[in-house]
Amino acid sequence: DAWWQTALNRRSLGDGKNALLALRKTVELAPKFSNGWSRLGSVLADVGATDEAKDAFDKALRFRPENLEALEALSMIYSDEADSDQDEKEISVLARIEEHSYLSSNQNNRLGNLHLSAKNFFEAINYYEAAMEDATHPACFFNIGLVYNHPEVSQDADAVDWWRITKERWPDYEPPDKRLINVVPRLMKLASLD
């Protein structure tokens with residue numbers, strides 16, 4: 001307990017070096033202490049020791065699978081790494097957060113992106129729609145248009161509708177403009193063939 005309290009105090013004072021030392025001693029003395037492992041992971045992530053941080057978060061989850069601090073941190077690490085080999089791990093971590101808590105708009109949008117990348121279109125749409133509930137950024141609105149515009153979905157009229165909705169709500173957001181310029185002329189041409 002003394003090492004744990006020292007770690008918490010040192011971290012709150014911005015003393016990462018000594019917090020790290022105290023946390024290492026904490027998990028050495030209490031190797032099944034999930035909160036200790038997740039806090040160690042957080043400090044390691046702060047100092048850029050990402051691989052060690054992932055190991056610490058994994059250990060935290062081994063001892064308490066619903067440890068939200070570890071789950072949230074792992075999802076951020078996987079998202080920052082943008083490694084397609086890690087996508088399944090990130091999906092798994094975000095699904096566990098959803099199971100034990102609530103996904104933020106950004107997390108729902110991220111899950112939508114991961115499912116779109118994996119060509120799980122229905123899941124992508126569901127997560128983008130969930131992201132819309134408390135969205136403060138247009139990404140999920142724009143991204144749902146990307147799903148409909150995907151060649152394997154090919155519902156371009158729906159994509160155009162979503163991009164126009166995005167432009168109505170966020171007039172300064174430029175990505176829909178580029179997509180509309182590419183898709184609308186083709187749709188107009190197709191409509192004139194009828």
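Visitor: Which residue just after α5 takes a positive phi?

Guide: That's Ala-82, with a phi of about 45 degrees. Keep in mind that we're looking at a predicted model.

Visitor: How do I check the length of the helix before that residue, and what span should α5 have?

Guide: Count residues and use the rise per residue. Helix α5 runs over residues 68-81, and at 1.5 Å a residue its 14 residues should span 20 Å. The end C-alpha atoms are 20 Å apart, so expectation and model agree.

Visitor: And the other end: which residue caps the N-terminal end of α5?

Guide: Look for a side-chain oxygen facing a backbone nitrogen. Here Asn-67 does the capping, with a side-chain oxygen 3.1 Å from the backbone nitrogen of Glu-69.

Visitor: Which residues of α5 are buried?

Guide: Go through the helix by accessibility. You'll find Ala-70, Leu-71, Ala-73, Leu-74, Ser-75, Ile-77 and Tyr-78 buried. Their cover includes α3 (34-46), α4 (50-63), α6 (87-100) and α7 (105-117).

Visitor: Let's pick one. Why does Leu-74 count as buried?

Guide: Its relative accessible area is 1%, and the cut-off for buried is under 20%, so Leu-74 qualifies. Setting aside neighbours within four places in sequence, Leu-74 touches Lys-54, Phe-57, Asp-58, Leu-61 and Val-93. For another distance from this residue, take Pro-31: 43 residues apart along the chain, the two C-alpha atoms are separated by 20 Å.

Visitor: Now a polar side chain. Is Ser-105 buried or exposed?

Guide: Read the percentage again. Ser-105, in helix α7, has 12% relative accessibility and therefore counts as buried. Then ask what its polar atom meets: a polar atom of the Ser-105 side chain lies 2.7 Å from the backbone oxygen of Ala-131. Beyond its sequence neighbours within four places, Ser-105 is in contact with Ala-131, Asp-134 and Ala-135.

Visitor: What about Asn-149; where does that residue sit?

Guide: Find its helix, then its accessibility. Asn-149 is in α9, which covers residues 139-149. With 15% relative accessibility, Asn-149 is classed as buried too.

Visitor: Which side chain does the side chain of Asn-149 join in a polar contact?

Guide: The partner is Asp-156, and the contact is 2.9 Å. For the wider surroundings, leave out the neighbours within four places in sequence: Asn-149 then contacts Asp-156, Ala-159, Trp-163, Arg-179, Val-183 and Arg-186.

Note on methods
Residues are numbered from 1 along each chain as its sequence is written. This is a predicted model: local features need pLDDT of at least 70, side-chain atom pairs count only at pLDDT 80 or more; totals for chains, interfaces and linings use all residues. Side-chain values use heavy atoms; hydrogens and water are left out. Helices (H or I, at least four residues) and strands (E, at least two) are DSSP runs, numbered from the N terminus. Buried means under 20% relative accessible area, exposed over 50%, partly exposed in between (1.4 Å probe, protein chains only). A polar contact is a pair of N or O atoms within 3.5 Å; within protein, one must be able to donate a hydrogen and the other to accept it, and residues adjacent in sequence count only if both atoms are side-chain atoms. Contact means heavy atoms within 4.5 Å. The expected span of a helix is 1.5 Å times one less than its number of residues.
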